[in-house]
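Subject: Handover of a structure and notes on its features

Dear colleague,

Please find the structure below, with its sequence. The notes that follow describe what was found in it, and I would ask you to read them with the structure open beside you.

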Amino acid sequence: MAFWLGIDCGGTFIKAGIYDDKGQEYGTFRQGLAVISSQPGWAERDLNELWQSCIDVISGVIKKSQIAPEFIQGVGISAQGKGLFLLDKQRKPLGNGILSSDQRALQIVKQWQAEQIPQQLYPTTRQTLWTGHPVSILRWIKEHQAERYHNIGAVMMSHDYLRFCLTDQIACEVTNISESNLYNMQTGQYDAALAKLLQIEEVLPAFPPIIQSSEIAGYITESAAKATGLCVGTPVMGGLFDVVSTALCSGISCEKQGEKTALNVVLGTWTVVSGITDYIDQQLPFVYGRYAEKGQFLVHEASPTSAGNLEWFTQQWADLSYDKINEMVASLPKAESSVLFVPFLYGSNAGLGVRAGFYGLQAIHTQAHLLQAVYEGVIFSLMTHLERVLQRFPKTDVLRVTGGPARSEVWRQMLADLTGLPIEVPLVSETGCLGAALTAMVGKGIYDDFTTAQQQLQHDVLSISPDWSAHQKYREKYQRYTQFVNAIKMLEQ
């Protein structure tokens with residue numbers, strides 16, 4: 001039999017899974033990833049530790065699955081998008097990797113906004129412009145770490161770096177690099193005019209060749225084989241932006257004129273709402289990125305306003321398990337507490353620099369009310385994205401939900417109750433890993449393309465219907481949340 005290895009590198013965990021041609025899972029293995037925050041607003045990752053964690057999950061899943069490495073026919077990597085992972089001119093890590101939730105470039109982006117740079121970029125890039133983009137971080141490094149800037153040998157994102165560690169080949173994969181703000185969405189290439197506008201034209205030669213998701217990017221080297229247990233010469237594919245990977249495995253497909261459609265909602269370190277199209281709507285300014293299938297685009301809204309907020313909360317009270325948290329939240333009446341939580345610990349979707357906080361606390365409130373407010377705040381923040389994406393996909397009739405919180409009965413019911421839309425949760429334990437493995441299957445010709453693979457590998461779903469008795473309560477509390485966010489935005493202006 002042939003087996004396929006998928007690696008998923010997110011903001012909180014790195015995972016690996018092994019699958020057969022039918023998408024059946026033979027084992028997964030995960031390991032936590034540390035975020036280094038040496039200064040306020042910084043979010044970094046030690047690149048040597050990241051590579052060691054990748055080694056650990058690969059060797060761990062091989063051992064757990066008991067699949068002999070010689071039967072693994074290909075490897076794919078799905079990973080968090082944007083951020084910045086640098087090699088120096090000697091092909092060694094150049095400082096820590098900088099994650100997409102990093103906010104050191106806040107003042108630079110504010111200045112760009114004042115100069116209307118984002119509006120000048122958008123017709124070419126189809127992107128917004130914020131602190132986590134590679135271009136923002138590069139400009140910050142140019143201004144604050146000149147020696148590091150001049151020693152840049154290669155600019156990559158996280159899955160590009162891990163692929164380099166496995167193969168010793170340097171490239172940038174298209175679904176991720178298409179959202180860098182240096183990619184021309186029409187030509188499919190880097191654009192020197194964009195680099196010049198952002199005043200980072202000196203670094204453009206350090207951007208590697210662009211490769212496709214299912215293209216063979218290299219082969220497992222002897223050193224990587226020795227470290228991971230994989231066989232020398234195993235092909236490694238380009239991989240996927242993790243939002244593309246989850247959309248692929250959630251079962252959503254390209255919109256068809258006049259027909260109802262589904263959107264993918266990701267609840268993970270980031271909140272993401274996405275749909276798939278084969279054309280760019282010139283009238284509605286949305287974020288577009290290249291999709292795994294050629295000729296298609298991922299339309300999405302996203303912000304780091306999701307489950308990372310709960311992770312922070314549980315770190316303050318180490319005795320809280322997720323089962324206990326769900327039990328505490330479920331014990332309270334739905335949407336009746338006056339407590340609001342704004343989930344902006346790691347970034348905001350309400351404006352640059354808007355911070356997190358609780359509001360409405362009274363002496364009667366308990367830890368359970370705080371936890372309920374965190375759950376609600378994450379869903380309310382997601383709703384601001386969903387309302388916009390529904391303008392682009394008005395015939396949406398179901399939400400396909402993936403990510404850790406989708407495992408929480410309380411959280412997914414809350415989403416259904418607020419939106420009034422049915423929820424479907426694909427019964428796939430690690431969509432990022434399976435999506436990554438699909439790049440290897442398509443790359444090796446098991447499936448002709450990603451659309452065929454998706455059709456052949458459909459999984460069962462868990463369906464959740466809205467509780468209509470709670471719908472209006474959630475809508476009213478969501479309006480209070482929106483009013484509160486608008487009020488605190490004024491403090492940052």
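K334 is a suitable place to begin: with a relative accessibility of 30%, this residue counts as partly exposed, because that class lies between the buried and the exposed ones. Please bear in mind throughout that the model is a predicted one.

The partner of K334 is D467, and the two form a salt bridge in which the closest N and O atoms are 3.0 Å apart. This pair links distant parts of the chain. D467 sits in the loop between β24 (461-464) and α17 (468-489), while K334 belongs to the loop between α12 (322-330) and β20, and 133 residues separate them. D467 has a relative accessible area of 25% and is therefore partly exposed.

The loop between α12 and β20 also holds A335. What is the sign of the phi angle of A335? The angle is positive, at about 60 degrees, although A335 is not a glycine. A335 has a relative accessible area of 7%, so it is classed as buried.

A positive phi of about 60 degrees is found for Q199 as well, which is not a glycine either. Q199 is located in the loop between α8 and β12. Its relative accessibility of 42% is the reason why Q199 counts as partly exposed.

Further salt bridges

How many salt bridges does the count come to? The total is 19. Two further pairs may be examined in detail.

The first is formed by E179 and K82, with 2.8 Å between the closest N and O atoms. E179 lies in the loop between α7 (174-177) and β10 (183-184), and K82 in the loop between β5 (72-79) and β6 (85-88), so this salt bridge ties together parts that are 97 residues apart in sequence. Are these two residues buried or exposed? Both E179 and K82 are buried.

In the second, the side chains of E202 and K142 meet at 3.0 Å, N to O. E202 is in the loop between α8 (192-197) and β12 (210-211), whereas K142 is in helix α4 (residues 134-144); the pair therefore ties together parts that are 60 residues apart in sequence. E202 is partly exposed, because its relative accessible area is 44%. K142 also counts as partly exposed, with a relative accessibility of 27%.

Salt bridges can also join several residues. D8, K15, R30, R407 and E430 are linked in such a network.

The cavity and a pocket

Rolling a probe the size of a water molecule over the atoms shows where empty space is left. The structure holds one cavity of 30 Å³ or more. The volume of the largest cavity is about 50 Å³. Which residues line the largest cavity? They are C9, G10, R45, Q80, G81, K82, G83, F85, I98, L99, S100 and S158. By type, this lining divides into four nonpolar, six polar and two charged residues. Please note that K82, a member of this lining, is the residue that forms the salt bridge with E179.

The second largest pocket contains about 760 Å³ of space. Its lining is made up of 30 residues, and those that lie nearest the centre of the pocket are S37, W42, A43, L345 and Y346. Helix α11 (residues 308-316) supplies the largest share of the lining, namely three residues. The lining of this second largest pocket comprises 13 nonpolar, 14 polar and three charged residues.

The surface

L345 and Y346, together with W312, make a nonpolar surface patch of about 240 Å². Y346 is placed in the loop between β20 (340-342) and β21 (357-359). Its relative accessibility is 34%, and Y346 therefore counts as partly exposed.

Finally, please look at E25, which is in strand β3 (residues 25-32). E25 counts as partly exposed because its relative accessibility is 34%. How far apart in space are E25 and F3? From C-alpha to C-alpha the separation is 9.7 Å, and in sequence the two are 22 residues apart.

Yours sincerely,

A colleague

Definitions and conventions: Residues numbered from 1 in each chain as written. Predicted model: local features only at pLDDT ≥ 70, side-chain atom pairs only at ≥ 80, totals over all residues. Heavy atoms only, no water. Patch = residues over 30% accessible without salt bridge, like charges linked within 9 Å, V, L, I, M, F, W, Y side chains within 5 Å. Areas by Shrake-Rupley, 256 points an atom, 1.4 Å probe, with all protein chains shown as cover. Salt bridge = Lys/Arg side-chain N within 4 Å of Asp/Glu carboxyl O. Helix = DSSP H or I, 4+ residues; strand = E, 2+ residues; numbered from the N terminus. Buried < 20%, exposed > 50% of the residue type's maximum accessible area, 1.4 Å probe, protein only. 1 Å grid on protein atoms, 1.4 Å probe; cavity = no way out; pocket = protein on both sides within 12 Å on 5 of 7 lines; lining within 4 Å. Points joined across faces, edges and corners; volume = space filled by probe spheres on them. Nonpolar A, V, L, I, M, F, W, Y, C, P; charged D, E, K, R; others polar.
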